[in-house]
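Got a minute to walk through a model together? A visitor asks and a guide answers.

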Amino acid sequence: MEINDKNPVEKDELTGDKLLSGHEYDNIRELDNRLPKWWVWLFIITIIYAVIYLFVFDVIKIAPHQETEYTNEMAAAGSAAPSPQAMVFDTTMMPLADQAALDAGKAIWDKNCIVCHKALGQGLVGPNLTDNFAIHGCRYFDLLTVIANGVPEKGMISWKTQLTKDQILQVTSFTMTLKGTNPPDPKAPQGDPCK
Amino acid sequence: MENQTFYYDNKTVKLFAYATLFWGVVGMVVGLLLSLQFIWPQLSFGIPYTTFGRIRPIHTNAVIFAFVGNGMFMGIYYSLQRLCKARMFSDILSKINFWGWQLIIVAAALTFAFGFTTGKEYAELEWPIDLLVAVVWIVFGWNMIGTIIKRRTRHIYVAIWFYLATFITVAVLHVANSIEIPITLFKSYIVYAGVQDALVQWWYGHNAVAFFLTTPFLGLMYYYLPKAANRPIYSYRLSIVHFWALIFLYIWAGPHHLIYSALPNWTQSLGVVFSVMLIAPSWGGMVNGLLTLRGAWDKVREDPVLKFMVVAVTAYGMSTFEGPMMSTKTVNAISHFTDWTVGHAHIGALGWNGFLVFAVLYWLIPRIFQTNLYSKKLANTHFWIGTLGIVFYAVPLYWGAITQFLMWKEFTPEGFLKYPNFLETVTQLKPMYAARSIGGALYITGIVLGIYNLILTIRGGNFLAEEAASAPALVAVSGKRASGEGAHRWLERRPIQFSIVALIAILIGGIIEIVPLYLVKTNIPSIASVKPYTPLELQGRDIYVREGCYTCHSQQVRPFRSETERYGQYAKAGEYVYDHPFQWGSKRNGPDLSREGVVSGKQYKPNSWHYNHMLNPQKLNAQSIMPVYKWLIADDLDISTTPRKIRVMQMLGVPYPAGFDLTANDDLMRQAELISADLKSQGIDCAPNKEIIAMIAYLQRLGVDIHSAGLSAASVNPVK
């Protein structure tokens, strides 16, 4: 094999393409084909894309980076976002009694509450909700307040940023129905006895 | 000129082939077990050594470095000798390369099972094994370059360019990403912290894909495909252009693993654009491969070797188009943290690497055993089952990824998250996970058929350990460029110069991206309220790393309404400055944990919840796929390492007061007793010296400092 590869031109039998002389490696030959045009254009287009992208995002900075995107997204959501202040309860409220509301309450319960209070409300990390004791009061109003605002220092998170007022009414009403159900494996009573 | 006779070493090739098959099965069976744990978490068996977080690195490392790695060595040791018309440089080095690599694999599997890990994806090996990897890798390079230097051919073929780039770049990546300070024999702290660590890690991680799974396999394609098809390479020029473009551009693209993270925006932009520019250079390899088959497509119909190659090259083309798409912000918002990435990775690993490895095996084993393949029909069956397996593996994950993304994002008309409980979005995917397992099982079935076929081939053959060949010695010519000699043609007969140019090409991107993060302080704005971890939290964090929690949980909230609504404020660069290593994670099979300790946050759980959750997650929610971690409750925390850990952290710039190492354990016990007392008040008896106490301390610290910095997110982190 010579450095300058000066051998007569050979052609590939099947395709008629020109073989490069001197390019033979363990019987592998190489053809002298040009770069496919579409491939070259693909490469050029991606390079142009890159230049424009960097120019727009990082030189003249007219396209939004992630912080701006976030601000815009939050602004757009502004009116849709819930306002926790609207969550006001009063002591005269009574638990919902219709089955549809209680079923909706159970669905919320199953999704969100059982990780601490267990499936039947017998308590594990959170208190037993089926016995006749309560840490923060026994009334419907007390339970609504606890669920809406939480007791963060005890590990009960506030739900008013995750549930609507209607949902809180539903799940609280459902929770009230658990009282006196005597499920198996209950957690020992906590708090004060209810009257 | 007189012909010299010499012998090719086929024995090393054979050993690598056997190791490829063996580790392939091991790595994939572990993968299948992992996939089943998504459906039945009890398949963790309640012991640390088989729990997801510890065996996931075994699976990824076994497939990448053991299966694909041995396959790569097999292919290179066979082709390099023939392309250089020379036996390997040194039989002893070949032996060290082979046995050293197997030793590394065994050591990796054992240490991962025991929880010795750096917690950096695909670079989990602890420091003694990192050193061993470096030594064996240098032995491989030495052996290869020695062979190239004593070659009997004037020029080095394109396959060898790719082999050289592989050797050089993997060496650079491995060393740069493994600079760690030992604590004990199997525990170290990486010198980089937080955002810097993330950038170095994904510069490594991305380019491990590029230079361990891609360039060597392009080299193999350039040798075995024209050999098997008996056709000339389509275009020498395309080889040159796509080779240099590929290695130069690849190294810049690492930040695409960190889109929408706390990484500075300019670095993210580079990650995006360099990934997009990679489409053509990557496709250059596919095009050159497929066009080489022009005139030989009738052979593809007949020959299983070519079938495997065509699907491999096509899978390569698919994933190198998909990759750049996933690097754009729009697609990344969907694909990142979901199983899309896992699907993408498996198109590459099962399709490109796995099928090319088997193409090479089916081609090479009959040759070194001087026989024909036992059964073409069986190889064809393997081909179809394997192809079906890939489809069944990937499609459900893509489907699942989009499902989960939509569920994460959905808001109710009232403005609440539709699925506030993360678990719902996981439970929804269970059928997809099951389908994925079937795909994986199909693929493994194909491999078993392949192994059976190869065993019978080997039995019917006669191994040729020393294959005689002859070629004239290379006559020395001037090193200078001859008149009329193209610059690249000149470089092809100067392998050392070639390697130096390649080294320069791959260093540019890394240096431009990584160095400014060290030199320019504004890249990582500090946050005054972010303080070092307490000794107990630090020990807890090391348990978090040990158990591989990052394999399912991220610590990186993206700046999306759906994420800040779910977790709390989005991630800031300044909150990770004491994290050695960073633990941002790359997928979410469980929720993000970086705001876990914020008492007023939506993710908050009391100490007793964490205790019960680690003891038995399914007791808290029957649907949960979290594994049991009951040994954290049984095992005592090893506090003998605390002083050394504090000193190393101080060395790395973490501002603990002078002499703190001596009192650190007192501080640790004080905090542990508080947590123990709190558990006691909840009716849980847990001594303060248990590992779970440290783990709880760490989890309850997550997000606390950044939260106390206030919620005016934008003002904290004015990253440009």
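What follows is an informal chat about this predicted model.

Visitor: Let's start with chain B: what does its secondary structure come to?
Guide: Two kinds of element get counted here, helices and strands. For chain B the tally is 28 helices and four strands.

Visitor: And what radius of gyration does chain B have, set against a compact globule?
Guide: The C-alpha trace of chain B spans about 90 × 50 × 50 Å along its principal axes. A compact globule with 720 residues would have a radius of gyration near 27 Å. The value for chain B agrees with that, at 26 Å.

Visitor: What percentage of the residues in chain B is buried?
Guide: Take the contacts first: of those in chain B with a separation of 6 or more, 83% are between residues 24 or more positions apart. As for burial, the count runs over the 720 residues of chain B. The buried share is 59%.

Visitor: Chain B is divided into two domains, so to speak; how far apart do their C-alpha centres lie?
Guide: Domain 1 of chain B covers 3-475 + 486-512, and domain 2 covers 535-716. Between the C-alpha centres of these two domains the distance is 34 Å.

Visitor: Which element gives the most to the side of domain 1 of chain B that touches domain 2 of chain B?
Guide: The contact draws 43 residues from domain 1 of chain B and 49 residues from domain 2 of chain B. On the domain 1 side, the elements giving two or more residues include β2 (180-184), β3 (187-190), α13 (340-368) and α14 (376-409) of chain B. By class, that side has 23 nonpolar, 14 polar and six charged residues. The top giver there, with five residues, is α2(B).

Visitor: Which residue in β3(B) stands opposite I181(B)?
Guide: A hairpin joins β2(B) to β3(B) through two residues. The two strands pair in the antiparallel sense over four bridges. Opposite I181(B) in β3(B) stands Y189(B).

Visitor: Are the two faces of β3(B) covered or open, and which residues sit on each?
Guide: In a regular strand the side chains alternate between the two faces of the sheet. In β3(B), K187(B) and Y189(B) are on one side, with S188(B) and I190(B) on the other. These four residues are all buried, so to describe both faces of β3(B), the word is covered.

Visitor: Is I447(B) buried or exposed?
Guide: I447(B) is found in helix α16 (residues 430-460) of chain B. Leaving aside neighbours within four places in sequence, I447(B) is in contact with G24(B), V25(B) and M28(B). Because I447(B) has 23 other C-beta atoms within 10 Å, and 20 or more is the cut-off, I447(B) counts as buried.

Visitor: How far is the C-alpha atom of I447(B) from that of S676(B)?
Guide: Along the chain, I447(B) and S676(B) are 229 residues apart. In space, their C-alpha atoms are separated by 51 Å.

Visitor: Which element gives the most residues to the largest nonpolar core?
Guide: That core has 229 residues, and M309(B), A312(B), L356(B) and A359(B) touch the most other members. A359(B), leaving aside neighbours within four places in sequence, is in contact with Y224(B), V305(B), F308(B), M309(B) and A312(B). With 23 residues, the element that gives the most to this core is α6(B).

Visitor: How many residues are in the other core, the one with C116(A)?
Guide: This other core lies apart from the largest one. Among its members are C116(A), Y140(A), L143(A) and V146(A). Its residue count is 28.

Visitor: Over in chain A, which are the edge strands of the open sheet?
Guide: The sheet has three strands in the order β1-β2-β3, with antiparallel pairing. β1(A) and β2(A), the latter covering residues 18-25, pair over two bridges. An edge strand pairs on one side only, and here those are β1 (10-11) and β3 (28-31) of chain A.

Visitor: What is the bridge partner of K11(A) in β2(A)?
Guide: Strands of a sheet pair through backbone hydrogen bonds, either parallel or antiparallel. For K11(A), the bridge partner in β2(A) is K18(A).

Visitor: How far apart are the C-alpha centres of the two domains of chain A?
Guide: The assignment gives domain 1 (37-77) and domain 2 (87-193) in chain A. Their C-alpha centres lie apart by 49 Å.

Visitor: Last one: which helix gives the most to the side of chain B that touches chain A?
Guide: The contact takes 58 residues from chain B and 59 residues from chain A. The chain B side has 34 nonpolar, 13 polar and 11 charged residues. Helices that each supply at least two residues to it include α7 (236-250), α9 (279-292) and α21 (607-615) of chain B. The most, seven residues, comes from α8(B).

Key. Residues are numbered from 1 along each chain as its sequence is written. Chains are lettered from A and ligands numbered from 1 in the order in which they are written. This is a predicted model: local features need pLDDT of at least 70, side-chain atom pairs count only at pLDDT 80 or more; totals for chains, interfaces and linings use all residues. Domain bounds come from an automatic or database domain assignment. Two residues are in contact if their C-beta atoms, placed from the backbone, lie within 7 Å. Ala, Val, Leu, Ile, Met, Phe, Trp, Tyr, Cys and Pro count as nonpolar, Asp, Glu, Lys and Arg as charged, and the others, Gly among them, as polar. A residue is buried if 20 or more other C-beta atoms lie within 10 Å of its own, exposed if 12 or fewer, and partly exposed in between; C-beta atoms are placed from the backbone. Two strands pair if DSSP finds at least two bridges between them. A nonpolar core is a set of buried Ala, Val, Leu, Ile, Met, Phe, Trp, Tyr and Cys residues joined through C-beta atoms within 7 Å. The radius of gyration is taken over C-alpha atoms; the globule rule is 2.2 Å times the number of residues to the power 0.38.
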